[in-house]
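Here are my notes on this one, point by point. Have the structure open next to you while you read.

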Amino acid sequence: AFSPNGQKVLTASSDKTAKIWNVKTGAVEDQVYQFSIYEMVERGLKIEPEDTSQYRRDSLAFRHKIKRVTVEYKERLIAWRNSPDYQAYLRKIKDWESSDERKQHIAIIAKITNTEGSKSKVKDIVQILQESINSELDTLKQYLIYGVLIDTLRKRAQYDPYENAATLVDTYNSRAWTGLFLKKFKESEKDIRAGIAVDSTNIYLYTNLAPALLFQGKINDAQAEYAKWKDKVFDLNSSLPTYREAFISDLDAFEKAGIIPKEREEEVKAIRQLLKQK
């Protein structure tokens with residue numbers, strides 16, 4: 001297909017790429033690599049019946065790819081744990097566990113949860129903190145414990161990023177969510193951005209970033225986030241197939257909790273209208 005001025009031509013090739021060529025120079029100026037039908041369906045594409053067999057082949061290939069990546073990750077992890085660096089990491093962790101900083105953490109946990117310091121020696125500190133959060137009914141206390149857990153995970157991530165990154169990101173996101181209900185909107189944005197810096201693929205971070213911006217009065221940034229994500233796939237296996245449903249569900253929860261600032265109520269209505277647009 002030629003451009004209207006005849007200076008460029010678009011081709012679809014047997015290598016499953018689309019290329020834009022400069023007619024005069026014969027150079028490829030841009031190209032788009034293939035997405036498998038499986039990947040496009042995951043992003044919301046509706047396929048025709050004749051594409052079903054290709055979708056199944058692509059789906060199988062995708063599962064094999066994930067399996068291969070998982071095996072490679074485990075191999076890297078095994079290699080890391082067999083390395084001298086890992087032994088050095090264990091020594092650093094052992095030193096930290098007996099440090100004044102660790103004792104301060106235990107003291108904070110004991111103060112917040114009434115956990116005796118002696119019990120902290122039996123379980124890993126991360127496990128203690130997670131159990132304390134799950135059993136704590138007071139939102140503010142949960143928020144404080146999340147803070148101690150983040151400090152702990154950040155310290156460990158310096159030595160073992162493979163093992164602690166996912167938990168750290170989840171904890172950033174959880175504290176951000178809890179912070180929203182405490183009207184700590186600025187702090188929640190900070191936590192979310194810290195989580196994105198560690199792992200930008202976590203789908204839940206972006207559902208919390210948008211309202212954190214909105215409730216601070218950063219209207220343009222919030223609208224941009226809502227518009228960017230609302231039509232993208234969220235979780236096809238749940239009642240929230242796209243971010244649109246996730247955003248609306250969260251706004252309902254915020255309204256029910258009464259945390260939406262009065263001066264932001266009109267903007268929230270406008271966001272709801274934006275989310276209704278297909």
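1. Start at D235, which sits in the loop between α10 and α11. Once you set aside neighbours within four places in sequence, D235 is in contact with L240 and P241. The residue is partly exposed, at a relative accessible area of 26%. For orientation, E245 is ten residues from D235 in sequence, and the two C-alpha atoms are 10.0 Å apart. Bear in mind throughout that we are looking at a predicted model.

2. Now the overall picture. The chain has twelve helices and three strands. Of its 278 residues, 36% are buried. If you take the contacts with a separation of 6 or more, 44% of them join residues 24 or more positions apart.

3. Where is the largest nonpolar core, in terms of elements? Two or more residues come from each of α7 (161-181), α8 (185-198), α9 (203-216), α10 (219-229), α11 (243-257) and α12 (265-276). The core has 30 residues, and L214, F215 and Y226 have the most contacts inside it. The biggest contributor is α9, with eight residues. There is another core apart from this one, made of twelve residues and including V126, I145, L149 and L168.

4. F215 is worth clicking on, given that it is among the residues with the most contacts inside the largest core. Not counting residues up to four places away in sequence, F215 touches F185, F254, I259, I260, P261, R264 and V268. So that you can place two of these: F254 falls in α11 (243-257), while V268 falls in α12 (265-276).

5. Next, N208, also a residue of helix α9. Is N208 buried or exposed? It is buried, with a relative accessible area of 3%. Leaving out neighbours within four places in sequence, the contacts of N208 are N173, W177, L180, I192 and D250. I would look at this asparagine alongside the core, since helix α9 is the element that gives the most residues there.

6. On to helix packing, beginning with α11 and α12. Their axes come within 10 Å of each other and cross at roughly 155°. An angle over 145 degrees counts as roughly antiparallel, and α11 and α12 are therefore roughly antiparallel to each other. The crossing in which α11 passes α12 is left-handed. On the α11 side the contact is made by R244, F247, I248, L251, D252 and E255, and on the α12 side by V268, I271, R272, L275 and K276. By class, that contact has six nonpolar residues, no polar ones and five charged.

7. The other pair to check is α10 with α12. Here the axes are 10 Å apart and the packing angle is about 20°, which makes α10 roughly parallel to α12. This crossing is right-handed. From α10, I219, Q223, Y226 and A227 meet E267, I271, L274 and L275 of α12. The class breakdown is six nonpolar, one polar and one charged. Y226 deserves a second look, as it is also listed with the residues that have the most contacts inside the largest core. On the α12 side, I271 and L275 appear in this contact and again in the contact with α11.

8. Back in α7, have a look at A165. What is its state of exposure? A165 is partly exposed, with a relative accessible area of 26%. Along the chain, A165 and V198 are 33 residues apart, yet their C-alpha atoms are separated by 6.9 Å. V198 is the last residue in the range of α8 (185-198).

9. Last stop: D58, in helix α2 (residues 52-81). This aspartate is buried, at a relative accessible area of 13%, and the cut-off for buried is under 20%. Aside from neighbours within four places in sequence, D58 is in contact with S36, I37 and Y38. Y38 is 20 residues away from D58 in sequence, with 5.4 Å between the C-alpha atoms. If you open only a few views, I would make one of them D58 with these three partners, and another N208 with its own contacts, N173, W177, L180, I192 and D250.

Terms used
Residues numbered from 1 in each chain as written. Predicted model: local features only at pLDDT ≥ 70, side-chain atom pairs only at ≥ 80, totals over all residues. Heavy atoms only, no water. Core = buried A, V, L, I, M, F, W, Y, C linked by side-chain atoms within 4.5 Å. Buried < 20%, exposed > 50% of the residue type's maximum accessible area, 1.4 Å probe, protein only. Helix = DSSP H or I, 4+ residues; strand = E, 2+ residues; numbered from the N terminus. Contact = heavy atoms within 4.5 Å. Axes fitted to C-alpha atoms, helices over the stretch in contact; angles between N-to-C directions. Parallel < 35°, antiparallel > 145°, perpendicular 65-115°, else oblique. Left-handed = near helix turned anticlockwise from the far one by under 90°. Nonpolar A, V, L, I, M, F, W, Y, C, P; charged D, E, K, R; others polar.
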